[in-house]
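Me: I'm new to this one. Can you walk me through what the labels mean and how we get to them?

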Amino acid sequence: MLKTVESLENGKKGAVPAKTRFKLRDLDIFPNTILSPMDGVTDAPFRRLCRVLSGDRMGLLVSEFVPTDADAVFSLTGHKQLKFFPEESPFGIQIFGRYPDKMAAAAKKIAEGLHPDYIEVNAGCPAPKVAGKGSGSGLLRDLPRLAEILHDVRAALDTCAVNIPLTLKCRIGWDSDSINVMETLDIAESEGVELLVVHGRTRLQGYNGLADWDWIGKVASAAKIPVIGNGDVNSVQRAFDCIQTYGVSGVSIGRGAMHNPWIFGQIADAWEGKPAHVITAEEALDVFPLYYKFKLEDGSTEMGALGRLKQLGARLCKGFVGLDESTAVGADDAAMFVRQTLLTAQTPAEFFDRLQKLREDDAKKLRYEPNRLVNLNGAKETELKFGDQFK
């Protein structure tokens, strides 16, 4: 029987899962991970941050989703989500919309003008202004329309000089009474989709509750194409368990990367049989000036970059624990102490002054243990808000 990789997370070598890589047509993807696209989070600076921390071992990368409905004629300018760098390859651009002709035209223009490695159709976003208008996860209530979109996008890509793969991201259904992910799989395979990413929640769940990996496993066992599972993957151990137990070709990680942007490199280390790198509290705090630098280099204002530091800090700081209860920062209060210290700063100068004081003093009394986090969901939302769900 295979041992789990728990020993790897304690700094020792351990077993690896049966699958450590997957194929997307001619692309050989290692490790078998994807950074899930999150609107307002996974822009080029955040992807760059994760890529640097991983030692450039990210698996697949994909853009924030790009709207296609609003433009009379889709333009490559005016969509900041389309920005990516050659070193991000293999990189895909995810598009969303409800009109097959517009989706196809956008896919063709993106493929010919920007040359990504693949195009992905979004059938997973639950936000009211997306799903409520029939795109994103709203397509799960209109599978014939989804089929038409996939057919037309695939046909448009087939006319390009360089024919690239088409992938699909979906949820398991609209709600618990209308789970139709198996039908979605059939449509995807029939229309030339070459990889399916399944988020194990319904649209009604939003980002609450736990992902249903049993359904993801059913899809993986029936599929002729690679299936990537998405939902609640927050550690090497969890990635290992999902791949081994549910037979997926890999895992897609979203909020888990905000809590722990080192996770892709940790998975790559584990799959390569390397001892785990133990991240110190000081090293964890050093992520903030690096991310700030990347945001400024991308054209952000200082206050805009500060907002992103706080967005990341709200998640990442939950991983701090005190060394023992006798220290100034108790074990149970450590995360809240660091969060409040950083997130109440009003200017970048104040943020970095507080950060430096933390590094010089309290960080020596802290450990960084993001793997202890079980619930990534936070408080239950009463309404799904577009662009706010990851803050």
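Reply: Sure, and keep in mind that this is a predicted model. Let's start with contact, which means heavy atoms within 4.5 Å.

Me: Which residues does phenylalanine 288 touch by that rule?

Reply: Leaving aside residues up to four places away in sequence, Phe288 touches Leu309, Gly313, Leu316, Cys317, Leu342, Phe351, Phe352 and Leu355.

Me: What makes a set of residues a nonpolar core?

Reply: The members have to be buried, of a listed nonpolar type, and joined through side-chain atoms within 4.5 Å. The largest such core here has 95 residues, and Phe288 and Phe320 touch the most other members. Helix α5 (residues 143–158) gives the most to this core, with 7 residues. Apart from it lies another core, of 10 residues, including Phe22 and Ile228.

Me: How do you know that the buried residues of α12 line one face of the helix?

Reply: Buried means under 20% relative accessible area, and in α12 (residues 287–297) that picks out Val287, Phe288, Tyr291, Tyr292, Phe294 and Lys295. Looking down the helix axis, these fall within an arc of 165°, so they line one face. Their cover includes α2 (44–53), α11 (281–285) and α13 (302–316).

Me: Why is the second largest empty space called a cavity?

Reply: Because a 1.4 Å probe fits there but cannot get out. Its volume is about 50 Å³, and the count of cavities of 30 Å³ or more is 2.

Me: What kinds of residues make up the lining of the second largest cavity?

Reply: The lining divides into 7 nonpolar, 1 polar and 2 charged residues. Among them are Leu60, Tyr118, Glu120, Lys169 and Ser252.

Terms used
Residues numbered from 1 in each chain as written. Predicted model: local features only at pLDDT ≥ 70, side-chain atom pairs only at ≥ 80, totals over all residues. Heavy atoms only, no water. 1 Å grid on protein atoms, 1.4 Å probe; cavity = no way out; pocket = protein on both sides within 12 Å on 5 of 7 lines; lining within 4 Å. Points joined across faces, edges and corners; volume = space filled by probe spheres on them. Nonpolar A, V, L, I, M, F, W, Y, C, P; charged D, E, K, R; others polar. Buried < 20%, exposed > 50% of the residue type's maximum accessible area, 1.4 Å probe, protein only. Helix = DSSP H or I, 4+ residues; strand = E, 2+ residues; numbered from the N terminus. Arc of directions from axis to C-beta.
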